[in-house]
Amino acid sequence: YQALEEIIITHTHIDHFYGLPGLIFSMMYRDMQRETPLRISCPECALDVLIRFLDFFNLREDCPFPLYVHGVPLEEQAAIFENEAVTVTASPVDHSPKTPTFGVKIASKRSGKTMVYSGDTTYSERLIRLASGGVDLLFHECSGLSTHDIVPIHSNARHAGQAARQSGAKKL
């Protein structure tokens with residue numbers, strides 16, 4: 001827990017942020033001497049939802065260490081954060097029309113390696129642009145084989161392979 005300084009919430013579907021209050025609560029009691037801030041980033045338009053969710057449990061008020069919630073604009077290559085080790089950016093992907101979602105790109109300043117995480121998405125040209133240029137690793141959501149019927153707001157194996165091929169990703 002002590003090393004955890006940044007959390008990225010790609011979207012506000014319950015399976016992507018429901019565990020956040022429990023994590024923060026555990027951090028509060030496991031590392032009572034913690035002074036390092038914890039920063040949580042989410043799509044800008046989801047900021048109110050996330051703040052209300054944390055406030056339901058009084059986490060922002062009761063947290064003994066600084067807890068910041070930051071909204072990221074839903075635009076391509078939006079900056080999430082940067083430090084001496086990495087640059088982290090986000091781009092919107094195509095998931096649920098009612099729930100803005102982004103994929104995340106992490107670029108290591110030390111190794112020069114890059115990784116893109118899709119979050120939940122269907123086939124997305126914006127994700128392909130985020131991963132373009134031959135990222136070292138593309139983590140792409142996959143809800144089934146290409147022969148499986150899936151909910152149309154998710155990807156199957158064919159979609160993931162197509163995105164990796166079109167972006168030039170080195171590994172999927």
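1. Contact here means heavy atoms within 4.5 Å of one another. By that criterion, and in what is a predicted model, Thr-10 touches His-16, Pro-43, Pro-100, Thr-101, Phe-102, Val-104, Tyr-117 and Gly-119, once residues up to four places away in sequence are not counted. The residue itself is found in the loop between S1 and H1.

2. Is Thr-10 buried or exposed? Its relative accessible area is 4%, and since buried means under 20% on this scale, Thr-10 is buried. The side chain of Thr-10 also takes part in a polar contact of 2.9 Å, the partner being the side chain of His-11.

3. Helix H2, which spans residues 20–30, has as its buried residues Leu-20, Pro-21, Ile-24, Met-27 and Met-28. They lie on the same side of H2, because the arc they cover around the axis is only 125 degrees. The face of H2 turned away from that buried side carries Tyr-29 and Arg-30, which are exposed.

4. Which elements help to cover the buried residues of H2? The cover includes three strands, namely S1 (6–8), S2 (38–43) and S3 (67–72), together with the helices H1 (14–17), H3 (47–56) and H4 (59–62).

5. The largest nonpolar core holds 19 residues, and those of its members that touch the most other members are Ile-9, Leu-20, Ile-24, Leu-38, Ile-40, Leu-50 and Leu-54. At least two residues of this core come from each of H2, S2, H3 and S3, and H2 gives the most, with four residues. As general background, nonpolar side chains in soluble globular proteins tend to be buried together.

6. Ile-24 deserves a separate entry, being named both among the buried residues of H2 and among the core members that touch the most others. Not counting residues up to four places away in sequence, Ile-24 touches Leu-38, Ile-40, Leu-54, Leu-59, Cys-63 and Leu-67. Apart from the core described above lies another one, of eleven residues, and among them are Val-93, Ile-128, Leu-130 and Ala-169.

7. Strand S4 (residues 78–82) pairs with strand S5 (residues 86–96) in the antiparallel sense, and the pairing runs over four bridges. The two strands form a hairpin, with three residues between S4 and S5. Within this arrangement, Ala-79 stands opposite Thr-89 in S5.

8. Pro-66 has its place in the loop between H4 and S3, where its relative accessible area of 31% makes it partly exposed. Which residues are in contact with Pro-66, leaving aside its neighbours within four places in sequence? They are Glu-35, Thr-36, Pro-37 and Leu-38, and the last of these is also named among the contacts of Ile-24. From C-alpha to C-alpha, Pro-66 and Met-32 are 12 Å apart in space, with 34 residues as their separation in sequence.

9. Gln-166 has its place in helix H6, which runs over residues 157–167, and with a relative accessible area of 43% Gln-166 is partly exposed. Leaving aside neighbours within four places in sequence, Gln-166 is in contact with Tyr-123 and Ile-128, and Ile-128 is one of the residues in the core of eleven. The C-alpha atoms of Gln-166 and Asn-83 are separated by 30 Å, the two residues being 83 residues apart along the chain.

Technical notes: Residues are numbered from 1 along each chain as its sequence is written. This is a predicted model: local features need pLDDT of at least 70, side-chain atom pairs count only at pLDDT 80 or more; totals for chains, interfaces and linings use all residues. Side-chain values use heavy atoms; hydrogens and water are left out. Buried means under 20% relative accessible area, exposed over 50%, partly exposed in between (1.4 Å probe, protein chains only). The arc is that of the directions from the helix axis to the C-beta atoms. Two strands pair if DSSP finds at least two bridges between them. A nonpolar core is a set of buried Ala, Val, Leu, Ile, Met, Phe, Trp, Tyr and Cys residues joined through side-chain atoms within 4.5 Å. A polar contact is a pair of N or O atoms within 3.5 Å; within protein, one must be able to donate a hydrogen and the other to accept it, and residues adjacent in sequence count only if both atoms are side-chain atoms.
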